[in-house]
Amino acid sequence: MRYRLSFITGAVVGYVLGARAGRERYEQLRKSAQRIAQNPAVRNAAESAAQTGRGVAVKAADTVGSKVGDKLPESVTARVKALRERGHSEDDWGTSNT
C-alpha cells in the first residue's frame, strides 16, 4: 500500500508541476527535442547503435540457435526462418535496416 501511495503522490505532483509549466514550456521542450533528433551527429550515432544492435542480435540468435535449435517448438523455428528469409530491407516500424 505504501508503494501505491508513493506512486499516486508522485503522479499528482508531476501533474501539478506540468500544468504550471503550461503549453509554452511544452512547446519549447518539443522543439528542443526535435532539433536534437535532427542533428546529423545524433542521427549518425543512433544509426550506428542500431546497426551494432542488429549485429549483436543476429550473433546471439545464431548462438542460441546452434545450442538449442532442435529443442525449440516448431512455431518458434518457423517464425525465425520466416524472419531470416524476409531479409533486412525494413523493420516493423518502417525504418530501413541499412
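This report walks through the helices, surface and a few chosen residues of one protein chain.

**Overall picture**

The model is a predicted one. Its chain folds into three helices and zero strands, and reading from the N terminus the order of elements is α-α-α. Very little of the chain is hidden: of its 98 residues, 2% count as buried. The accessible surface amounts to about 8,700 Å², and carbon and sulfur atoms account for 60% of that area.

**Helix α1 and its bend**

Helix α1 covers residues 2-38, and it is worth following from end to end. If its 37 residues formed a straight helix, they would span 54 Å at 1.5 Å a residue. The end C-alpha atoms of α1 are only 42 Å apart, however. Where does α1 bend? Look at Gly-22, where α1 turns by about 90 degrees.

The same helix, α1, also carries both partners of a salt bridge, Arg-30 and Glu-27. Their side chains meet at 2.8 Å, N to O, and the two residues sit three apart in sequence, about one turn of the helix. The structure holds one salt bridge. Arg-30 itself is partly exposed, since its relative accessible area is 32%.

**A nonpolar patch**

Turn next to Val-12, which also belongs to helix α1. Together with Phe-7, Ile-8, Tyr-15 and Val-16, Val-12 makes a nonpolar surface patch of about 550 Å². Is Val-12 buried, exposed or partly exposed? With a relative accessible area of 48%, Val-12 is partly exposed; the cut-off for exposed is over 50%.

**Arg-84 in helix α3**

Helix α3 spans residues 74-86, and Arg-84 has its place there. Which residues does Arg-84 touch, leaving aside those up to four places away in sequence? The answer is Ala-61 and Asp-62. Val-58 can be located from here as well: its C-alpha is 9.7 Å from that of Arg-84, although the two residues are 26 apart in sequence. Arg-84 counts as exposed because its relative accessibility is 51%, and the class of exposed residues begins over 50%.

**Accessibility side by side**

Here are the three residues discussed above, with their values.

| Residue | Relative accessible area | Class |
|---|---|---|
| Val-12 | 48% | partly exposed |
| Arg-30 | 32% | partly exposed |
| Arg-84 | 51% | exposed |

Terms used
Residues are numbered from 1 along each chain as its sequence is written. This is a predicted model: local features need pLDDT of at least 70, side-chain atom pairs count only at pLDDT 80 or more; totals for chains, interfaces and linings use all residues. Side-chain values use heavy atoms; hydrogens and water are left out. Patches are made of residues with over 30% relative accessible area and no salt bridge: like charges are joined within 9 Å, nonpolar side chains (Val, Leu, Ile, Met, Phe, Trp, Tyr) within 5 Å. Accessible areas come from the Shrake-Rupley method with a 1.4 Å probe; for residues, only the protein chains shown count as cover. A salt bridge is a side-chain nitrogen of Lys or Arg within 4 Å of a carboxyl oxygen of Asp or Glu. Helices (H or I, at least four residues) and strands (E, at least two) are DSSP runs, numbered from the N terminus. Buried means under 20% relative accessible area, exposed over 50%, partly exposed in between (1.4 Å probe, protein chains only). Contact means heavy atoms within 4.5 Å. The expected span of a helix is 1.5 Å times one less than its number of residues. The bend at a residue is the angle between axes fitted to the seven residues ending there and the seven starting there.
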